[in-house]
Amino acid sequence: MSQWNISPEAEELHRAALVWDGHSCLPLRSGVDMKMLQRHRDAGIDYVSVNVGMDFNPVEQVMRVIAGFRAGIAAYPNDFILAAGAEDVRRAKAESKLAVTFDLEGSDMLAGDVNMLGLYWDLGVRQIHLAYNRNNAVGGGCHDAETGLTPFGRKVVAEINRLGMLMDCSHTGHRTSLEIMELSKRPVIFSHTCVHALKQHGRNVRDDQIDACARSGGVIGVTGIGIFLGQNDNSTDTVVRHIDYIAERVGPRHAGVALDFVFERGGDE
């Protein structure tokens with residue numbers, strides 16, 4: 001980390017902390033060389049959540065991606081750990097490895113069956129948000145007509161809580177996200193978003209969402225995508241401005257980072 005010319009105090013803080021990047025994207029196909037994730041490890045990240053599917057990806061594709069990613073992680077045992085829980089994340093850091101888990105963006109891949117959540121859990125999914133931009137059987141997306149949680153959505157929230165998955169409201173509609181945070185018995189996160197008060201965009205969170213997330217004990221992760229941050233501006237100063245807004249409003253323990261780094265494909269909007 002010395003090439004970044006950071007202070008000894010900051011370096012010590014980083015060394016003592018568990019550094020979590022809440023969302024990253026690899027190409028959604030089998031046969032991907034997971035060694036690409038080394039870039040996270042080289043940047044000083046201890047744990048990254050990697051996307052394995054979105055609402056528009058068929059279940060068969062999601063399963064093939066998970067199978068391929070699992071095999072790819074297993075191929076590099078000296079570099080990566082497919083983490084089952086927090087202890088594996090701590091072990092990965094102690095062993096100078098990168099801990100990896102999977103996340104789903106949406107819930108169409110549940111095929112209308114809450115029991116699918118347990119299957120995805122067994123395969124390494126530890127984070128899920130319930131709608132990807134558009135409305136679905138669970139609730140509303142952030143780029144669609146405003147709606148709330150459906151009865152099926154309420155069952156999904158309860159099962160996510162039971163399993164201990166991270167409930168993620170990124171890409172989710174305003175009303176649906178507030179209802180999720182009111183209903184959830186566990187902390188809720190916005191893994192990758194920005195602040196609506198600083199950049200008016202449908203993907204960004206409003207003040208009442210920030211407040212509700214903090215009340216739940218959750219974290220709002222600021223993404224590195226320029227169109228969410230400002231006028232296609234992802235400079236360090238702009239990213240920090242969004243982080244600082246969250247920290248000033250609800251406290252630094254609720255401000256995080258999820259750069260939404262994309263390998264070999266277009267941006268995540």
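In this predicted model, Leu130 has a broad set of contacts beyond its neighbours within four places in sequence. On the N-terminal side, these contacts include Gly106 and Ser107. On the C-terminal side, they include Asn136, Val138, Leu149, Val156, Val157 and Ile160. Met167, Asp168, Thr172 and Ile180 are also in contact with Leu130.

Leu130 belongs to the largest nonpolar core, which has 59 residues. Phe69, Tyr120 and Leu130 are the residues with the most contacts inside this core. Another core lies apart from it and has six residues. Tyr47, Val89, Ala92 and Ala99 are among them. In soluble globular proteins, nonpolar side chains tend to be buried together.

The chain contains 10 helices and 10 strands. Its radius of gyration is 18 Å, close to the 18 Å given by the globule rule for 269 residues, so the chain is as compact as a globular protein of that length. Along the principal axes, the C-alpha atoms fill a box of roughly 50 × 40 × 35 Å. Contacts between residues at least 6 apart in sequence were also examined; 69% of them join residues at least 24 apart.

Burial and surface composition were then computed. Of the 269 residues, 53% count as buried. The accessible surface of the chain comes to about 11900 Å². Carbon and sulfur atoms account for 51% of that surface. The chain carries 27 positive and 35 negative charges. The mean positions of these two sets are 3 Å apart.

Terms used
Residues numbered from 1 in each chain as written. Predicted model: local features only at pLDDT ≥ 70, side-chain atom pairs only at ≥ 80, totals over all residues. Heavy atoms only, no water. Helix = DSSP H or I, 4+ residues; strand = E, 2+ residues; numbered from the N terminus. Rg over C-alpha atoms; globule rule 2.2 N^0.38 Å. Buried < 20%, exposed > 50% of the residue type's maximum accessible area, 1.4 Å probe, protein only. Contact = heavy atoms within 4.5 Å. Areas by Shrake-Rupley, 256 points an atom, 1.4 Å probe, with all protein chains shown as cover. Lys, Arg positive; Asp, Glu negative; His and termini not counted. Charge placed at Lys NZ, Arg CZ, Asp CG, Glu CD. Core = buried A, V, L, I, M, F, W, Y, C linked by side-chain atoms within 4.5 Å.
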